[in-house]
Amino acid sequence: MENDVIPDADVFADLIRYDSATISNAIETFGVRPRTDGFADSTIRCLYPDLAPIAGRAVTCRFENGPDTKSKPNLLPELFDIIHAMDEPVVVVCGHIGPDPARSCVVGDLMAAMLQRLGAVGLVTDCGARDLDVVRRRAPGFQVFARGTVASHGNGTVVEVGEVVTIGGLTVSTGDIVHGDHNGVVSVPERIAVSVPAAAQRVLDAEDTLQRRVHATRFDYEDLRKVFTH
């Protein structure tokens, strides 16, 4: 494995040159985790699939929605403080507390605009979102990954900040590197992060070579088969 290097701010610009599927494939080449780990499942939808990939440091929180939720302290200012203090792009990762995440709404146009102004490039949640068209106007480029869309904001409150959360099977801590696009969301292990973009390019180069075999004028089945014969 390549030497561990602490990533700097440039790594985020390098990571977003590649889609999340390629980033995932690149991470696999380092053998640092099982191939079934490190990504959110298909219950978490990309709501703006036309946008370019995003990457940033995770800032985590938990959101509770219920009849008595508003009686609890609202920790949204604490969440804002952490995002504002970060000197790298931020991806807010918000987990749901309660029995009915499909009826909860974490983000609309105002929340998206505030988070973007503070330095967030997107939000990942297992709750819902709304105001999709207005978010495009008020927070252009801000990406949202969510369970789906709902019309009402419900009765939700941010009740925890900085705790480990699990969204669609992806476990995230504040400070983790998160990458996402129309394919989905993947976490990038810190110790290999600076090496992942170069690995992603190697993945694409290898795929291009295989694509040329597949689309060759004189298709050679036996030659293609050998690639997958162990």
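Which backbone oxygen lies 3.2 Å from a polar atom of the side chain of H179? The views below start with that contact. They come from a predicted model.

**View 1. The side chain of H179 meets the backbone of L15.**
The backbone oxygen in question belongs to L15. It sits 3.2 Å from a polar atom of the H179 side chain. H179 is part of strand β12. Its relative accessible area is 0%. Buried means under 20%, so H179 counts as buried.

**View 2. Helix α2 has its buried residues on the same side.**
Helix α2 covers residues 20–28. Look for S20, T22, I23, A26 and I27, which are buried. These residues span an arc of only 155 degrees around the axis, which is why they fall on the same side of α2. The buried residues of α2 pack against four elements: α1 (10–15), β12 (177–181), β13 (184–188) and α6 (196–214). One of these, β12, is the strand that holds H179.

**View 3. D19 caps the N-terminal end of α2.**
Find D19 and A21 at this end of the helix. A side-chain oxygen of D19 lies 3.2 Å from the backbone nitrogen of A21.

**View 4. One cavity of 30 Å³ or more is counted in the model.**
The largest cavity has a volume of about 80 Å³. Its lining is made of S24, I27, E28, R33, P34, R35, D37, G38, F39 and V186. Helix α2 gives the most to this lining, with three residues. I27, one of the lining residues, is also one of the buried residues of α2. By class, the lining has four nonpolar, two polar and four charged residues.

**View 5. The largest pocket holds about 440 Å³ of space.**
Its lining counts 26 residues. F63, C105, V106, M111 and H153 lie nearest the centre. Six elements each give two or more residues to the lining: β2 (54–65), α3 (76–85), β3 (90–97), β4 (105–107), α4 (109–118) and β9 (156–161). Which element gives the largest share? Helix α4 does, with five residues. The lining of the largest pocket divides into 15 nonpolar, seven polar and four charged residues.

**View 6. The second largest pocket holds about 160 Å³ of space.**
N25, E28, T29, R35, V203, A206 and E207 form the lining. Helices α2 and α6 are the elements that give two or more residues. The largest share, three residues, comes from α6. How do the lining residues divide by class, and how many are charged? Three are charged, two are nonpolar and two are polar. E28 and R35 line this pocket, and they also line the largest cavity of View 4.

**View 7. A113 is a partly exposed residue of helix α4.**
A113 is found in α4, the helix with the largest share of the lining in View 5. Is A113 buried or partly exposed? Its relative accessibility is 24%, so A113 counts as partly exposed. Leaving out residues up to four places away in sequence, A113 touches R138 and A139. Now compare its position with that of Q201. The two residues are 88 residues apart in sequence. In space they are 33 Å apart, C-alpha to C-alpha.

Conventions. Residues are numbered from 1 along each chain as its sequence is written. This is a predicted model: local features need pLDDT of at least 70, side-chain atom pairs count only at pLDDT 80 or more; totals for chains, interfaces and linings use all residues. Side-chain values use heavy atoms; hydrogens and water are left out. On a 1 Å grid over the protein atoms alone, a cavity is a set of points where a 1.4 Å probe fits but cannot get out, and a pocket is an open set with protein on both sides within 12 Å along at least five of seven lines; lining residues have an atom within 4 Å of a point. Grid points are joined across faces, edges and corners, and a volume is the space filled by probe spheres set on the points. Ala, Val, Leu, Ile, Met, Phe, Trp, Tyr, Cys and Pro count as nonpolar, Asp, Glu, Lys and Arg as charged, and the others, Gly among them, as polar. Buried means under 20% relative accessible area, exposed over 50%, partly exposed in between (1.4 Å probe, protein chains only). The arc is that of the directions from the helix axis to the C-beta atoms. Contact means heavy atoms within 4.5 Å. A polar contact is a pair of N or O atoms within 3.5 Å; within protein, one must be able to donate a hydrogen and the other to accept it, and residues adjacent in sequence count only if both atoms are side-chain atoms.
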